[in-house]
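Trainee: Please take a close look with me at the aromatic ring pairs. Then lead me outward from there to the rest.

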Amino acid sequence: MRENLHRFFRAARGAGVHVSPAESIDAMRAVAQVGFSDRGILRDALLLTLAKSQDEKLALGDCFDLFFRQPEPRQERPKTNDNDTPPAGRQPPSPGTTNDAGGGPPTDGLGPLAQMLLSQDRNAIAAAIASAASAASLSDIRYSTQRGIFSSRILDAMGIQRLRDDLDELTAANPSLAERLRTALEGLREAVRDTVSQGLALYAREEAENLRNEILRNAPLARIEPRQVEEMRALIRKIARRLRERYCKPRKRQRRGHLDVRRTLRRNAAWGGVPFLTAWKRKHRDRPKIVALCDVSGSVARVSDFFLLLIHSLHEVVDDVRSFAFSSHLIEVSDILESNSPEAAMAEIMSKVGFGSSDYGSSLDDFEHEFMSTLTPQTTVIVLGDARSNNLDPRADILRRISERSKRLVWLNPEGRMVWGFGDSEMPRYATFCSVARQCATAQQLERAVSDIVASYQ
Amino acid sequence: MADQKASTSIEAVESGLAAQGYIASRQIATAVYLSQQIEKPILVEGPAGVGKTELAKAIAAWRGMKMIRLQCYEGLDEAKALYEWKYAKQLLYTQILKDKLGEVLGGAQTLHAALDQLHDFGDVFFSKEFVEPRPLLQALEQPGGCVLLIDEIDKSDAEFESLLLEILSDFQVTIPELGTVSAITPPTVILTSNSERDLGDALKRRCLHLHIGFPEQRLEERIVESRVPGISQTLRRQMVGFIHEIRTLDLKKLPSVSETIDWARALVLLQSGELDTDIVKDTLNVLLKYEADIEAAAPHVTTFIAKAARSNVFG
């Protein structure tokens, strides 16, 4: 029973539910209270103790159903033992069951597996597969490429070697029986394949997901395939949440500074100046202010898409974000992003200014004329773009003025350093006025860049 | 067998709560039963008005225990939730005892001796008598146990959660001057949250996590039956069916169980035997709380009533 629960916890982790040792102990205690007999109550108990959110509950519920759908010989077999047998029976079949269910031709001299197959006792076979699967530690399966290995391991554990020998002997002695055995063996292989597939579905999800996320994290944002966009969005949101967690807490802790003697005395005047209530000096800190300028022209649209999404998921850390989008002229998009769902917002922004050919000069000019006053000495300006201005006047002088008015100017360029300055790239001219200019082509680089920016306000 | 007893006890919880007019789904009953058996708080999440707070009240009524409620809000802190020193009383006592103070200290020959005596004295002032217990401490001090309801924990600040951790895992609090106060009988703790903000993992891990959503049709009918006794079966079926249809719409605030009950009461008051378009349109404001929602739902009323009536025939 214990063993079975542990395997379920692993499966739960595979389904993305975080199960710490302490939680598993709680779950064990809960299960000890409700017992195994009622599947529905068992499910409720596990969901209550393990899942920590509605999403996790759903995932865990599915996982539970999948897990306990495994062969259940115990239900159909007469109860021979009183102790708690796990729902998915793991014990090897007792010799008695093989024979009394059979009624087939004499099978003397054959190995146990052959006898079992010929007797066509489905329950016994299912139980044998299950016990062989645990002997082959099927719960270690991680990748779909391991299917073959695990199948053959399970078959080995069930004694397929002996069965082959038996088959060889029978082919000569009793061809019809050999034929039956061969058919049964086919069925067995199929059943084992199913078991392995199920194991893969149960235990491999987490690894597969991690791997996929890892690949996604390092994939160039600009070249994400449409079907991956949703996953990428989820990843970006996850990144935003992590950044938020990391930077929200210390800010509050550091608030408290030295004792503010004046305010303390004033507050405690009622008690004759005996300081019952203390007042503390607050450390002065900059409120993060970010102004983001995003190039949404065709070539970099996808990257700025994700970038705007990240900036706006972060607005809990950063109180004051204003976003602007441009390709040949520039507009403010803060309101669009805040009042719409990400997808709708992106579509609206793209329809307004997107996909044009980029003109950095006139866009910067727009910014200087309309929004220069938003910049204060606390503002970090982030420009996201490839700095390819179609050989138009780059107006680097405006960028210099922006840089002078703000705290920092960060340029994130989806292109690699190697190509800066080649073709119509004006990056080297712009880079001289930037506090930081770096490549930002993958989710990971995006995360690092934003993390550094927020960290500088802590 | 242990299993046997377990399932009957869950049923016992179910019937116990039902006796208080709280119709619990099996999940809720299991949660209440488990929280009892493994002494863990229950964190109840779900939309407003599905009976999260009611659950705590029902448990308290069922077990005949006192319910102590702590309503959370932004800025709630230790002094308001846990305990506070009675500063004024301390001050007053020092004033009154000033002469005594002189007597006590008068006996001392040196400054050192006086200081020693003063030290003993100080402990008197930071003793139990000068502590003002707030809900959390009160809950621990109830000799017969109690139901502690920490309502809308998501409205409090993140720091407040950390304050709760000691109470939730060990049922004790540490007051620096006094030491650790442990619960005489561990209280049954219910935390509720509308998921306004994500709660910390540390908090979640100490609780059983119960999600109460909108009930299934049958369950909701039973809830209405127990809460609004005068209602006819036909009307009950129709109105619950109608509400389930309404919940499929994309509204600002979906009607929850408390609205269902209010509506049922209103319909009984208006003495309507069954739903018809007029009466629904007149009373839609009981069910929906936004003008925009009412406007969105109004065109569907006739179809929904028809659907509810049809499901009536077959259900």
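Mentor: We start with the rings, go on to some single residues, and end where the chains meet.

First, the ground rules. This is a predicted model: local features need pLDDT of at least 70, side-chain atom pairs count only at pLDDT 80 or more, and totals for chains, interfaces and linings use all residues. Residues are numbered from 1 along each chain as its sequence is written, chains are lettered from A and ligands numbered from 1 in the order in which they are written, and side-chain values use heavy atoms, with hydrogens and water left out.

Two more terms come up again and again. Helices (H or I, at least four residues) and strands (E, at least two) are DSSP runs, numbered from the N terminus. Buried means under 20% relative accessible area, exposed over 50%, and partly exposed in between, with a 1.4 Å probe and protein chains only.

Now the rings. Rings of Phe, Tyr and Trp (its six-membered ring) pair if their centres lie within 6.5 Å; planes under 30 degrees apart are stacked, over 60 edge-to-face, and the rest tilted. Over all chains, that rule gives 13 aromatic pairs. One of them is A:Tyr360 with A:Trp411, a stacked pair with 6.0 Å between centres and 20 degrees between planes. This pair links distant parts of the chain: A:Tyr360 sits in helix α18 (residues 360-371) and A:Trp411 in strand β7 of chain A, 51 residues apart. Both A:Tyr360 and A:Trp411 are buried.

Chain B offers an edge-to-face pair. B:Phe242 meets B:Phe304 at 6.2 Å centre to centre, with 75 degrees between the planes. B:Phe242 is in helix α12 (residues 233-246) and B:Phe304 in helix α16 (residues 301-314) of chain B, so the pair ties together parts 62 residues apart in sequence. B:Phe242 counts as buried because its relative accessible area is 0%. B:Phe304 is buried too, at 6%.

Back to chain A for a moment. Ring pairs join A:Tyr360 and A:Trp411 with A:Phe326 and A:Tyr430 in a cluster.

Rings can also have a charge over them. The test is NZ of Lys or CZ of Arg within 6 Å of the ring centre and within 35 degrees of the ring normal. A:Arg153 lies over the face of A:Phe150, 4.8 Å from the ring centre. In chain B, B:Lys89 lies over B:Phe130, at 5.5 Å from the ring centre.

Stay with B:Lys89. Its place is helix α5 (residues 87-96) of chain B. B:Lys89 is partly exposed, because its relative accessible area is 28%. Contact means heavy atoms within 4.5 Å. Leaving aside neighbours within four places in sequence, B:Lys89 is in contact with B:Glu129 and B:Phe130. B:Lys89 and B:Val131 are 42 residues apart in sequence, yet 9.9 Å apart in space, C-alpha to C-alpha.

Next, two backbone angles. Most residues other than glycine have a negative phi. B:Phe171 has a positive phi of about 55 degrees, although it is not a glycine. B:Phe171 lies in the loop between α9 (158-170) and β6 (172-175) of chain B, and is buried at 7% relative accessibility. A:Asn390 also has a positive phi, near 55 degrees. A:Asn390 sits in the loop between β6 (379-384) and α19 of chain A. A:Asn390 is partly exposed, at 37%.

On the far side of α19 (396-405), before β7 (408-413), a loop of chain A holds A:Ser406. A:Ser406 is buried, at 8%. Its side chain reaches the backbone oxygen of A:Ile402 at 2.9 Å.

Last, the meeting of the chains. The contact takes 28 residues from chain A and 24 from chain B. Buried area is the accessible area (1.4 Å probe) that two parts lose on being put together, summed over both. Chain A and chain B bury about 2,400 Å² between them, 59% of it on carbon and sulfur atoms. A:Gln33, A:Leu48 and A:Lys52 supply 27% of the area that chain A buries against chain B, more than any other three residues.

Charges meet here as well. A salt bridge is a side-chain nitrogen of Lys or Arg within 4 Å of a carboxyl oxygen of Asp or Glu. Chain A and chain B have four salt bridges between them. In a salt bridge of 2.5 Å, N to O, the side chain of B:Lys40 meets that of A:Asp26. On the side of chain A that touches chain B, the elements giving two or more residues are α2 (21-34), α3 (39-50) and α4 (54-67).

Note on methods
A polar contact is a pair of N or O atoms within 3.5 Å; within protein, one must be able to donate a hydrogen and the other to accept it, and residues adjacent in sequence count only if both atoms are side-chain atoms.
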